[in-house]
Amino acid sequence: MAPQRTERLLNLVIALVATKLWLTKEQIRRAVPQYDDCESAEAFDRMFERDKEDLRELGVPLVTGSPSALFDDEQGYRIDRDAYPLPEIAFTGQELAVLGLASRVWQQASLAGPAARAMTKLSALGVEVDTESLVGVEPRVRAAEPTFDPMYAATRDRAPVRFRYRKPDGEVTDRRLEPWALTSTGGHWYVVGRDVDRGAPRAFRLSRVQGAVRAGRPGGYEVPADLDAAALVGPPVIADARTAVLRVRAGRGTALRLQAGSVIPGPATATAPGQTEWDRVELPVGDLWALAEQIASHGPDVIALEPQDLQAATLKLLEGAAAAHPGGPASPASPARAVGGGAG
Amino acid sequence: MSVSATARLSRLLAMVPWLLQRQGVPLAEAARHFRITEDQLVKDLELLFVCGTPGHFPDDLIDASWDSGRVFLGNAEPISRPLRLGVDEAVALLAGLRTLADVPGLHDRDVLEAVLGKLSAAAGDAASRAGAVRVDLSGGAQEPTLAAARDAVRRRRRARLRDLVPSRDETTDRDVDPIRVANVGDRWYLEGWCHRAEAVRLFRLDRVVSIEVLDVDGTPPAEAVARDGDDDALFSPSPDDLVVTVDLEPAARWVAEYYPVDEVDELPGGRLWVRLRTASPDWLPRLALRLGGGLTVVSPPEVAARVRALAERALAGYDAADAAVDVTPLA
């Protein structure tokens, strides 16, 4: 089926480029032998609609107009010859190699396919690729989220979307968005745009979009020219300039020591037999809760001394972890498990 | 499938202008240029041979001959110029290039800027949609580390790493013969033959404390093969891994998105039940402490007991710290 289909599309392209006049659908049907085999007008219509979509996707500038003033209700088709060709560009072999690398970045079909096709088109320019300069570097971008494809299509076409969204706290709401861009940061994909109901820019993590994305009519809004998609995704972390003072068991807390501004070895007097030696580690607080989490993750090996709110935050985390794992010889099976099921 | 038909059509529309300007090019050379087999090329020529302008009489059809092993093409004026890029194609390449440009230390900025400029001009209107996708892969890897790792790969030099192993709370020193620099999301890794482990290992560059490119040949041994390019292959689970089930509070749901998990189930109140595997017995208790009750270990019970014990001992340390002033020397 595929070779026949390629043949049909190629004949269609040639017919529509070669013509100086508008071709009506009926003329096209006669001009392309593979359409002539269609059993019915409906079958031809369906096939022609799909083929038009394919050609537009490939970048073929298919234009419509009226073949005659007398029959202005009948639409005609041709390919805009001036818009058809790739402009003359001269890439060096090294530049083509970088393009090739850029084209292989994509791991999902919605961009990987077009990227590969684009490289094929550029190979018509005739330069040999210099692969030597790129040995061993393989950036990859993947979008495992099922909503990536519909959200990308809507963003590209500037079509407003509706979807259900689960906030980090679990609350589910219906959202209406004019998507401006898809952005990936920290390994997650987000769609940013104008939240129609809130009348303000918002970012949504794609993995938290529930179910289908419904897109409206394309071309319904403008994207801000000075858009900084990444800036909309997360509030910038305000660095806390205070100095945190920690007590770190000798030989432990490696990551904290690496971040530290100073490490003061513990007094030798503190090491009686069986007693632990502690070092005093000082480092910038930065993000208070992030640091508290890091300290808590070291359990009994690191103790937050100052500032007071850092110690309080760390204690809160440790108390929470202890409370979530109450004592007893064996942990009971989660009763909630039986109620669960039917995810997503 | 429509995908393969359009991909093939793209190739044909690129091939025709290329061949028209290289009459008599050997089949093998043309096939190599378009990265297809000679058989596939002949099939393409056979297809071109039966296509043409309406009427499809012999004079209307594309002339193609290749019997001599050299390709001659004619009568293909309507498609004698390469087709412009489509919107998705322009977005894919331009956003891909910007992704590369944003990775610190990875590429020659001058080349990237030149390509971006040329391609934007070539893509015309389609380039205006390139902002639809924006990827930040810069991650936590420091530019000098990434640049040094790339340099080691390119020049095939051995690299001396000191890397941090948070789950064991230690650093290790090792010599690595690099195979490649790769990423999963915005995390960058150096994959290479580790002389210490005598095996292929992945090193997270944001955990590389120091890296030195040695003036020693770093060609990995023949048995050192990079894992498949697929993300999942980078972290293939081992049968020895510990299987753990946990409950996540709504605020800790991100864990199921952030770490590879085997199974996820919704629980009432926006909570999640998750089953995952871990190769490091200390990793999960540390995560539980970090999440401060956002994560409850359901099974195995000994892991839950370990979380409790660590938390209680840590809390006890604070009581001791209040009493024992002597451990904090005056600054």
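Leaving aside its neighbours within four places in sequence, with which residues is A:Val13 in contact? In this predicted model, the partners of A:Val13 are A:Leu55, A:Val60 and A:Ile79, together with B:Ile79 from the other chain. The list thus includes residues of both chain A and chain B, and it offers a suitable entry to the interior of the structure.

A:Val13 belongs to the largest nonpolar core, which has 104 residues. Within this core, A:Val13 and B:Leu93 are the residues with the most contacts. Helix H4 of chain B, spanning residues 87–102, supplies the largest share of the core, namely nine residues. Apart from this core lies another, made up of 45 residues. Among the members of that other core are A:Leu256 and A:Leu317 from chain A, and B:Leu284 and B:Ala304 from chain B. In soluble globular proteins, nonpolar side chains tend to be buried together.

The contact between the chains may be considered next. Chain B contributes 119 residues to it, and chain A contributes 115 residues. On the side of chain B that touches chain A, helix H1 of chain B (residues 2–20) gives the most, with 14 residues. By residue class, that side of chain B divides into 65 nonpolar, 29 charged and 25 polar residues. Strand pairing also crosses from one chain to the other: strand E4 of chain A (residues 137–138) and strand E6 of chain B (residues 170–184) pair in the parallel sense, over two bridges. Here A:Glu138 stands opposite B:Ala182 in E6(B).

Within chain A, there are twelve helices and 13 strands. Chain A has 344 residues, of which 39% count as buried. Of the contacts in chain A between residues at least 6 apart in sequence, 59% join residues at least 24 apart.

The strands of chain A can be followed pair by pair. Strands of a sheet pair through backbone hydrogen bonds, either parallel or antiparallel. One open sheet of chain A consists of three strands in the order E1-E3-E2, with antiparallel pairing. Its edge strands are E1 (23–24) and E2 (62–65) of chain A, each of which pairs on one side only. E2(A) is joined to strand E3 of chain A (residues 76–79) in the antiparallel sense by four bridges, and A:Gly65 has A:Gly76 in E3(A) as its bridge partner.

Further along chain A, strand E5 (residues 161–166) runs antiparallel to strand E6 of chain A (residues 172–185), and six bridges join the two. In this pairing, A:Arg164 has A:Asp174 in E6(A) as its bridge partner. E5(A) is also joined to strand E9 of chain A (residues 209–215), again antiparallel, by four bridges. There A:Tyr165 stands opposite A:Val209 in E9(A).

A single residue of chain A illustrates a setting outside the buried class. A:Ala290 lies in helix H10 of chain A, residues 288–297. Because 14 other C-beta atoms lie within 10 Å, A:Ala290 counts as partly exposed; 20 or more would be required for a buried residue. A:Ala290 and A:Leu310 are 20 residues apart in sequence, and their C-alpha atoms are 10.0 Å apart in space.

Finally, the domain assignment of chain B gives domain 1 (2–79), domain 2 (87–132), domain 3 (147–233) and domain 4 (242–320). The C-alpha centres of domain 1 and domain 2 of chain B lie 30 Å apart.

Definitions and conventions:
Residues numbered from 1 in each chain as written. Chains lettered and ligands numbered in written order. Predicted model: local features only at pLDDT ≥ 70, side-chain atom pairs only at ≥ 80, totals over all residues. Contact = placed C-beta atoms within 7 Å. Nonpolar A, V, L, I, M, F, W, Y, C, P; charged D, E, K, R; others polar. Pairing = 2+ DSSP bridges. Buried ≥ 20, exposed ≤ 12 C-beta atoms within 10 Å, placed from the backbone. Core = buried A, V, L, I, M, F, W, Y, C linked by C-beta atoms within 7 Å. Domains from an automatic or database assignment.
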